[in-house]
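Trainee: I am new to this structure and would like a close look at one part of it. Could you walk me through the charged side chains and the partners they meet?

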Amino acid sequence: MKIVDLIKQSNKPVLSFEIIPPNVGESIDSIFNVVDNLIEFYPKFINVTKHANEIEYVEENGKIMKIIQKKRPGTVGVSASIKHRYNIEVVPHLICTGFNKYQLEDILIDLNYLRIENIFVVRGDKKRYTWKETDEYEHASQLVEQIANMNRGIYTFPTKEHNSTNFCVGVAGYPEKHFESPNFEKDLDYLKLKVDMGATFIITQMFFDIEYYKNFVNKVRDLGIEVPIIAGIKPLGSKKTLYNIPKTFHVNIPKSIVEEFEDAKSSQDEYIIGVRHAIKLIEQLLELGVPGVHLFTMGKGKIVKDVLSAFKGIF
């Protein structure tokens with residue numbers, strides 16, 4: 001079922017999780033363990049992230065060799081495994097970074113064969129990865145447009161007839177703006193373009209102050225964007241995470257939360273603080289009537305489970 005239909009048919013906010021595929025050589029059981037730990041909360045869908053290729057230089061027989069590595073492959077396989085093991089909707093990520101439109105179409109065809117109806121489109125982190133594919137898309141809106149074309153039966157290779165796909169497309173929204181955008185207004189223009197191209201739901205980047213979400217939703221609605229806006233939440237389990245998250249995701253953490261972590265006497269105290277603040281943020285979102293709450297697990301389910309234990313029967 002499409003995510004937009006899940007939201008429409010639900011009489012309460014939908015719950016969802018984001019997981020990351022295992023590293024090369026690791027077992028998918030690590031993913032199943034996370035899902036097994038969280039399935040009791042009845043998530044309506046699970047996102048599976050996609051990671052671009054990375055370049056590494058290794059010495060072999062006295063020569064320096066450039067190796068293109070896929071450290072976390074398996075997005076399609078993990079998505080299919082979860083869908084069929086748990087009978088739950090999956091939303092694989094699809095990125096522009098490291099792929100051209102023909103490679104992306106191949107992936108989309110595979111997803112269509114697997115009867116996976118939902119896709120989450122992001123550009124991909126260009127600063128983290130140095131590999132660039134010829135004719136790679138520069139913007140997520142271009143990939144959204146390609147998927148919308150496939151939904152109309154328009155593929156990259158023109159032939160007499162193509163079967164139309166039936167994908168529901170989600171995109172990212174940034175309550176504090178994307179770090180590369182010159183200002184918040186320009187970032188919202190890019191979001192509107194993605195919706196105009198065919199995106200039908202939004203999942204926000206993580207945020208730690210309810211005012212960011214409220215302001216974001218108000219600004220988005222002012223632009224005439226009416227698609228559901230699902231709130232992305234990342235519980236903070238330690239002081240280390242508190243300081244690492246802004247470096248990677250370019251988000252602000254309120255002074256009051258930082259001060260509480262700084263005053264913590266032990267790692268257990270830090271963990272309790274993180275759980276408490278995640279619970280408070282979700283409570284505030286529920287009071288606003290949010291259509292869904294999306295938790296970033298980072299491949300770890302314990303803290304997410306502890307947070308959700310405060311909301312049994314709510315989702």
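Mentor: Happy to; what follows is a tour of the salt bridges, with a short stop at the aromatic rings at the end. Please keep in mind that this is a predicted model.

Let's begin with the overall count: a search of the whole structure finds 10 salt bridges. A good one to start with joins D196 and K192, whose closest N and O atoms are 3.1 Å apart. Both residues belong to helix α6, which covers residues 184-197, and because they are 4 residues apart there, about one helical turn separates them. K192 has a relative accessibility of 28%, so this residue counts as partly exposed.

Now let's move on to a bridge between two helices. K239 and E262 meet through their side chains in a salt bridge, at 3.9 Å from N to O. K239 sits in helix α8 (residues 239-249) while E262 sits in helix α9 (residues 255-263), so this pair ties together parts that are 23 residues apart in sequence. For a salt bridge, the cut-off between nitrogen and carboxyl oxygen is 4 Å, and the 3.9 Å of this pair falls within that limit. As for accessibility, K239 is partly exposed at a relative accessible area of 25%, and E262 is also partly exposed, at 37%.

Helix α9 takes part in another link as well. Here E260 forms a salt bridge with R276, and their closest N and O atoms are 2.3 Å apart. R276 lies in helix α10 (residues 267-288) and E260 in helix α9, so the parts tied together are 16 residues apart in sequence. R276 has a relative accessible area of 42%, which makes this residue partly exposed; E260, at 27%, is partly exposed too.

Salt bridges can also join up into a group: E40, K305 and K312 are linked in a network of them.

A charge can meet a ring, too. The charged end of R85 sits over the ring of F32, at 4.0 Å from the ring's centre.

That brings us to rings meeting rings. A pair of aromatic rings is described by the distance of the centres and the angle of the planes. The count of aromatic pairs here comes to 3. One of them is formed by F207 and Y213, with 5.5 Å from centre to centre and 20° between the planes, and this pair is stacked. F207 and Y213 are both buried, whereas the bridging residues K239 and R276 are partly exposed.

Technical notes:
Residues are numbered from 1 along each chain as its sequence is written. This is a predicted model: local features need pLDDT of at least 70, side-chain atom pairs count only at pLDDT 80 or more; totals for chains, interfaces and linings use all residues. Side-chain values use heavy atoms; hydrogens and water are left out. Rings of Phe, Tyr and Trp (its six-membered ring) pair if their centres lie within 6.5 Å; planes under 30 degrees apart count as stacked, over 60 as edge-to-face and the rest as tilted. Buried means under 20% relative accessible area, exposed over 50%, partly exposed in between (1.4 Å probe, protein chains only). A charge sits over a ring if NZ of Lys or CZ of Arg is within 6 Å of the ring centre and within 35 degrees of the ring normal.
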